[in-house]
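Please look over the sequence and the structure below before reading on. The report then goes through strands, a barrel, a pocket and some aromatic side chains.

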Amino acid sequence: MKKKVGIGLFIAIIFLFIPYYFIANGLPASFSMIKGDESTVDISFPFNLYVSEKDSTEITINGQVLSSNLKLNPGEVTLKANDVGDSALNFKLFGFIPVKTITVKVLPEINVYPGGQAIGVLLRSRGVMVVGNSFVEDSNGNRHYPAKEAGIKVGDKILMINQQPINDKIKLASEIQKAVENGKKEIIFRLKKSDGHQENVKLEPIKNKQGIYMIGLYVDDGVAGVGTLTFINPSNNDYGALGHEIIEANSQNRIEVREGKVLEAKILGIHSGQRGLPGEKQGTFFQTENVIGQINKNNQFGIFGKLTKVPKNPYFEDPIPVAVNNEVKRGPAKIYTVLQGGEVEEFSVNIERVYYQSSAKEKGLIINITDPKLKKITGGIIQGMSGSPIVQNGKLVGAITHVFVNEPTKGYGIFAEWMLLQTNSYNIARAK
């Protein structure tokens with residue numbers, strides 16, 4: 001008898017635990033919604049759940065004002081919030097077994113102009129980046145490795161020489177010569193290592209065959225390239241572009257922004273992509289002309305700053321809302337980009353997969369290029385197309401970021417919500 005009771009109790013526990021497990025893991029840790037809009041969440045569970053709100057943001061669920069232990073039937077639930085802010089929804093099984101707490105982030109609606117314009121990007125680093133090791137050959141043909149022996153590695157940044165700030169590779173070379181000419185045998189370098197910590201190293205420059213003192217390094221102080229503008233907030237001229245970080249090619253390290261400019265660019269030609277070989281836009285811009293904005297931030301979500309001149313997208317006379325990621329659906333959408341000169345064009349794509357994310361991350365979308373014209377000219381997604389805005393159902397939902405090398409018609413996109421969070425747009429709107 002005891003054995004039967006024990007087995008029955010075990011089966012009952014398993015019967016309860018399995019749905020409990022899937023409920024807890026099936027619910028998101030958090031999600032965003034726009035004030036005044038309705039948002040649906042699929043809560044698949046075999047039993048009734050009860051929900052209560054910790055912080056009031058005037059949330060209604062299925063049309064009912066959220067009160068203590070509101071009973072929910074299985075299936076989709078519709079939420080609506082009438083106030084901006086964060087709220088914690090506590091879900092309980094049978095009204096007393098805690099299942100999960102979901103943070104609901106209620107955001108103000110932000111309207112932006114989708115971009116699509118080709119932009120030139122000029123980015124100057126904070127410090128001089130070490131991009132390669134070399135040697136110094138003296139007048140006798142002997143090779144020396146002063147920098148390598150001192151522990152300077154690819155990915156390090158040289159911040160100072162003898163307490164003199166260094167941000168320019170030409171100045172680095174001249175300061176080395178100047179120090180030696182002033183009788184300093186050893187030079188103190190202040191480094192920022194690839195893991196972020198700083199340290200001092202000492203080394204002695206070596207005179208090469210031409211009589212120039214060198215330390216055996218390849219260095220750089222910035223990058224220049226062509227990309228695509230994603231959005232402009234007309235209320236404050238904040239912008240976002242690229243949808244991914246700018247890195248130094250040799251070290252693969254993100255470039256810390258000391259100074260950056262965004263310029264008008266023209267696309268002169270296209271190298272179409274094919275399996276195993278990504279294509280690219282061939283663009284041009286003049287470094288001293290047609291500056292339209294500054295770069296203040298470079299991170300995994302793109303580059304951000306303010307525009308002094310706002311370019312136009314001919315497909316949008318008025319700004320459109322930015323979607324939060326749970327509004328994005330699989331299905332048709334449009335992207336905007338430049339293939340020739342400076343003219344923005346509209347192309348059809350299909351959002352094949354949506355990775356709903358509860359916090360800011362890259363690669364939230366998989367995009368398939370379906371437009372015959374775009375496929376014919378580019379072969380799919382190509383370099384320089386990064387940042388091309390994706391619009392679905394009248395809302396900016398994301399931006400193109402990466403191509404699948406072995407399937408060039410497909411690639412990743414990032415949610416527009418995460419890009420907009422890198423600007424001050426939401427904070428300013430909340431304060432109003």
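## Paired strands: E11 and E14

Two strands count as paired if DSSP finds at least two bridges between them. The model discussed here is a predicted one. In it, E11 and E14 are joined by two bridges and run antiparallel. One residue to look for is Met129, whose bridge partner in E14 is Lys157.

Strand E11 covers residues 118-133, and Val131 has its place there. Is Val131 buried or exposed? Buried means under 20% relative accessible area. Val131 has a relative accessible area of 15%, so it is buried. The C-alpha atom of Val131 is separated by 7.9 Å from that of Glu248, although these two residues are 117 residues apart along the chain.

## The other partners of E14

Strand E14 consists of residues 157-161. Four of its five residues are buried, so E14 is largely enclosed by the rest of the structure. Besides its bridges to E11, strand E14 pairs with E16 (residues 187-192) in the antiparallel sense, over four bridges. Here Ile158 has Leu191 of E16 as its bridge partner.

E14 also pairs with E15 (residues 164-165), again in the antiparallel sense, over two bridges. In E15, Pro165 is the bridge partner of Met160. E14 and E15 form a hairpin with two residues between the strands, and Asn162 takes a positive phi near 50° in this hairpin.

## A barrel of six strands

How many strands close into the barrel, and in what order? There are six, in the order E28-E29-E30-E33-E32-E31, and the pairing is antiparallel. On average, neighbouring strands of this sheet are turned by 40° against each other, direction ignored.

Strand E32 (residues 395-404) is a useful one to follow around the barrel. Six bridges join E32 to strand E33 (residues 407-415), and the two run antiparallel. Within this pairing, Ile400 stands opposite Gly413, and Ala399 stands opposite Ile414. The connection from E32 to E33 is a hairpin through two residues.

E32 is also joined to strand E31 (residues 389-392), by four bridges, and this pair runs antiparallel too. Ala399 appears here as well, as the bridge partner of Pro389. The hairpin of E31 and E32 has two residues between the strands, and Asn393 takes a positive phi near 55° in this hairpin. Why can E32 be called largely enclosed by the rest of the structure? The reason is that seven of the ten residues of E32 are buried.

## The largest pocket

Rolling a probe the size of a water molecule over the atoms shows where empty space is left. The largest pocket has a volume of about 650 Å³. It is lined by 25 residues, and the closest to its centre are Val226, His244, Gln383, Gly384 and Ser386.

Which strands each supply at least two residues of this lining? They are E20 (217-232), E24 (280-284) and E32. The most is given by E20, with five residues. Strand E32 therefore has two roles in this description: it is part of the barrel, and it supplies part of the lining of the largest pocket.

## Aromatic rings

A pair of aromatic rings is described by the distance of the centres and the angle of the planes. Rings are counted as a pair if their centres lie within 6.5 Å. By this rule there are four aromatic pairs. One of them is formed by Phe316 and Tyr336, with 5.1 Å from centre to centre and 70° between the planes. Planes over 60 degrees apart count as edge-to-face, so the pair of Phe316 and Tyr336 is edge-to-face.

This pair links distant parts of the chain, as its residues are 20 apart. Phe316 is in the loop between strand E26 (302-307) and strand E27 (320-321), whereas Tyr336 is in strand E28 (residues 331-338). Both Phe316 and Tyr336 are buried. Ring pairs link these two residues and Tyr315 into a cluster.

## Charged side chains over rings

Two further rings have a charged side chain over the face. Arg143 lies over the face of Phe135, at 3.9 Å from the ring centre. Lys312 lies over the face of Tyr113, at 5.8 Å from the ring centre.

Key: Residues numbered from 1 in each chain as written. Predicted model: local features only at pLDDT ≥ 70, side-chain atom pairs only at ≥ 80, totals over all residues. Heavy atoms only, no water. Phe/Tyr/Trp six-rings, centres within 6.5 Å; stacked < 30°, edge-to-face > 60°. Buried < 20%, exposed > 50% of the residue type's maximum accessible area, 1.4 Å probe, protein only. Lys NZ or Arg CZ within 6 Å of the ring centre and 35° of its normal. Axes fitted to C-alpha atoms, helices over the stretch in contact; angles between N-to-C directions. 1 Å grid on protein atoms, 1.4 Å probe; cavity = no way out; pocket = protein on both sides within 12 Å on 5 of 7 lines; lining within 4 Å. Points joined across faces, edges and corners; volume = space filled by probe spheres on them.
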